[in-house]
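I opened the model today and kept notes as I went. These are the entries, in the order I made them.

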Amino acid sequence: MTSRRGSRHHLIVVADVEGFGDPQRTGPHQRAVRGGLYEVMESAFTAAGAPWDACYREDRGDAVFAIAPAEVDKEAFVETLLPSLVMGLRMHNDTHPDPERIRLRLALHAGEVSYDQHGVTSSALTLAFRLCDAPPLKTELTASPGVLAVIASNWLFDEVVRHTPAAAPATWRPVPVAVKETTTTGWITLPDHPYPPNPVPAAVPTGAPAVGWSRTRSGGVVPRQLPAAVRDFTGRTEHLAALDTLIPSDPGPESLDKQRARSVVITAVDGAGGIGKTTLALHWAHRIQDRFPDGTLHVNLRGYGPGEPATSAEALGGFLRALNVAPRAIPAEVEAQSALLRSLLAGRCVLMVLDNAHSAEQIRPLLPGTPGCMVVVTSRDSLTGLVVTDAAHRLTLDLLTEQEAHDLLIGIIGADRAAAEPEAVDDLIRRCARLPLALRIAASRVAAHPHLTVADVVAELADDRTRLDILSDTGDERAAIRTVFDWSYQRLPPEQARLFRRLGLHPGPVPPRRRSARRTTACRHPPPAARTHQRAPDRSRRRGPIPLPRSAACLRRRANPPPRLHRRLRPRPRSPAYLVYPHRLQRRLPALPLSPAGARGRCRTSSPVPPCQP
């Protein structure tokens, strides 16, 4: 270090390792701790805008103190240093055995520092060491499950922390400090296990503050990110009750050991496109989010929709900013972002809704690491990997029951109009295959046009060739039946997409599952993407696709038919191939005489349909 003379105003940081001299720590363990301490400090200081090499620092065996350059922005330094330290300590502890893990006490102060030929000296530096030795700070770190306890001087809190929203001033607590000749007030915070926020700083208490169990985010505003729920939600009583039973209970302070032994509650809600997964998740989350006092986080992962799925880094960045992490303090690597999120959620009670997920790999970096939080994931994929490796609870949505579908229609068109046309209402439910999205679109047509009767809409939907067109004429891509089904198709691997197109050619009843499985090896051992819910389950145990997805198969089939089938197959007015593009079929496929086999509902080709290549 270059020798400096005179006195300048600097930020002072003193860091002390908890239990450094513990008998369980041998010489190699202590060296590993010291090496980890310096590595974590250097990384955090650099992230906070104070390069380690530019700081004056001295080693004290189990502690180190550093003086930041005078020109360092104090507010930016404080808001970035603490989350960076938490992240670094967590990453170190995750890769080292117990005797080499670090829990740190940190003291922050700022004041005049004098330099001479022996080093540095000042009353400000002495105060920083006294703060780091304060019994309340040691007590709070011992009681906390986190890795960092911080104490700031009264001056630093009043002049810097209080004016820095990202430093979460409402989560700092004043404590009396009496060490040797020093008697003052310090302000304590636990960055990875914060106190509940106080709107106004409390007066200096007579004793150390108690650590509350009603944790909240480090900031003045609790995040509530849920989008609006639908007004006319109906049905799904069993599914709502199943979700209610999974809500983690508040263990209270006396059950800390039991809480640590429990796991994060993860629920995977899967089902076909348009089946109502997001609607169910949002309705339930709005209903119970008050039981998660530390916030509700939501993200649309865009697993099935326009464009590419959201990356884990995008979702992590949004969550970290919602938890008041300064953008400059967010790490670049996904693993580091995930570790920081787990640190911030440790000990908190937060509900996370991960909507429209594409795969388990997309979800895992977003999961909390400690109990108390609950995660609800919605996806068209079955997310078997999440169920197997992360012990997620699977909740599969089926089509609505007849009564649920009837209640949904009444909620949209009104009881009077439904009572006036009971038979037409039943026909409308059958035409829409009890699919919630299709029912909602059809019922909205009735509700939006008072002159239109339910029977009129049923008549429009009676023609198989135009039904998808009518249910896709919403003016909103996200609410169009054809587009919703197409998003699932776009995520299929080539083998599955090819088989799905071929199913659209079949002129009669849906082929048995075992027959279609012979056409592709991927059906015998389907990859994760192939388990997308393109076929909705039904309580009647029907094995084929529901009518509307089958129409989507025809749409895709007509885009690129194989030459041999194109030459030989004559499409029939009642076959699925007419359900989407009848005008294209009539133009591209000349009318050919049917063979006797075709008259019986089957088509012959000059050679067998070649199997899909693996």
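What follows is what I looked up, from the whole chain down to single residues.

**Entry 1: the chain**

I started by noting that this is a predicted model. I counted 26 helices and 13 strands in the protein chain. The chain has 614 residues, and 53% of them count as buried. I then turned to contacts with a separation of 6 or more. Residues 24 or more positions apart account for 73% of these.

**Entry 2: the cores**

I asked which residues touch the most other members of the largest nonpolar core. They are Trp284, Leu351, Met374, Leu428, Leu439, Val454 and Leu461, out of 51 residues in that core. I also looked up which helix gives the most to this core. Helix α16, residues 436–448, does so with seven residues.

I picked Leu439 for a closer look. I left aside its neighbours within four places in sequence. Leu439 is then in contact with Leu400, Ala405, Leu408 and Leu409. Its list of contacts also includes Leu428, Ile429, Cys432 and Arg434. Apart from this core I found another, of 42 residues. Val33, Ile102, Leu104 and Val147 are among its members.

**Entry 3: strand β12**

Next I checked how covered β12 is. Six of its six residues are buried, so I logged the strand as mostly covered, with buried meaning under 20% relative accessible area. I sorted the side chains by direction. Met374, Val376 and Thr378 point one way from β12. Val375, Val377 and Ser379 point the other way. Both sets are buried.

Which strands pair with β12? I found β9, which pairs with β12 in the parallel sense over six bridges. In that pairing Val269 stands opposite Thr378. I also found β11, residues 351–357, which runs parallel to β12 and is joined to it by five bridges. There Ala357 stands opposite Ser379.

**Entry 4: helix α6**

I moved to α6, residues 237–245, and asked which of its residues are buried. I noted His239, Leu240 and Leu243. They cover an arc of only 100° around the axis, which puts them on the same side of α6. I then looked at the face turned away from that buried side. Thr237, Glu238 and Thr245 sit there, and they are exposed.

I wanted to know what covers the buried residues of α6. The cover includes the strands β9 (265–270), β12 (374–379) and β13 (393–396). It also includes α8 (277–288). So β12 came up again, as part of this cover, by contacts of heavy atoms within 4.5 Å.

**Entry 5: Ser153**

I placed Ser153 in strand β6, residues 148–153. Is Ser153 buried or exposed? At 2% relative accessibility, Ser153 counts as buried. I looked for a partner for its side chain. A polar atom there lies 3.1 Å from the backbone nitrogen of Leu156.

I listed the contacts of Ser153 beyond four places in sequence. These are Leu108, His109, Leu127, Leu131, Thr185 and Trp187.

**Entry 6: cysteines**

Last, I checked for disulfides. A disulfide is a covalent bond between the sulfur atoms of two cysteines. I looked for sulfur pairs within 2.5 Å, and the count came to zero disulfides. I also looked up two cysteines for burial. Cys55 is buried, with a relative accessible area of 0%. Cys132 is buried too, with a relative accessible area of 2%.

Definitions and conventions
Residues are numbered from 1 along each chain as its sequence is written. This is a predicted model: local features need pLDDT of at least 70, side-chain atom pairs count only at pLDDT 80 or more; totals for chains, interfaces and linings use all residues. Side-chain values use heavy atoms; hydrogens and water are left out. Buried means under 20% relative accessible area, exposed over 50%, partly exposed in between (1.4 Å probe, protein chains only). Helices (H or I, at least four residues) and strands (E, at least two) are DSSP runs, numbered from the N terminus. The arc is that of the directions from the helix axis to the C-beta atoms. A nonpolar core is a set of buried Ala, Val, Leu, Ile, Met, Phe, Trp, Tyr and Cys residues joined through side-chain atoms within 4.5 Å. A polar contact is a pair of N or O atoms within 3.5 Å; within protein, one must be able to donate a hydrogen and the other to accept it, and residues adjacent in sequence count only if both atoms are side-chain atoms. Two strands pair if DSSP finds at least two bridges between them.
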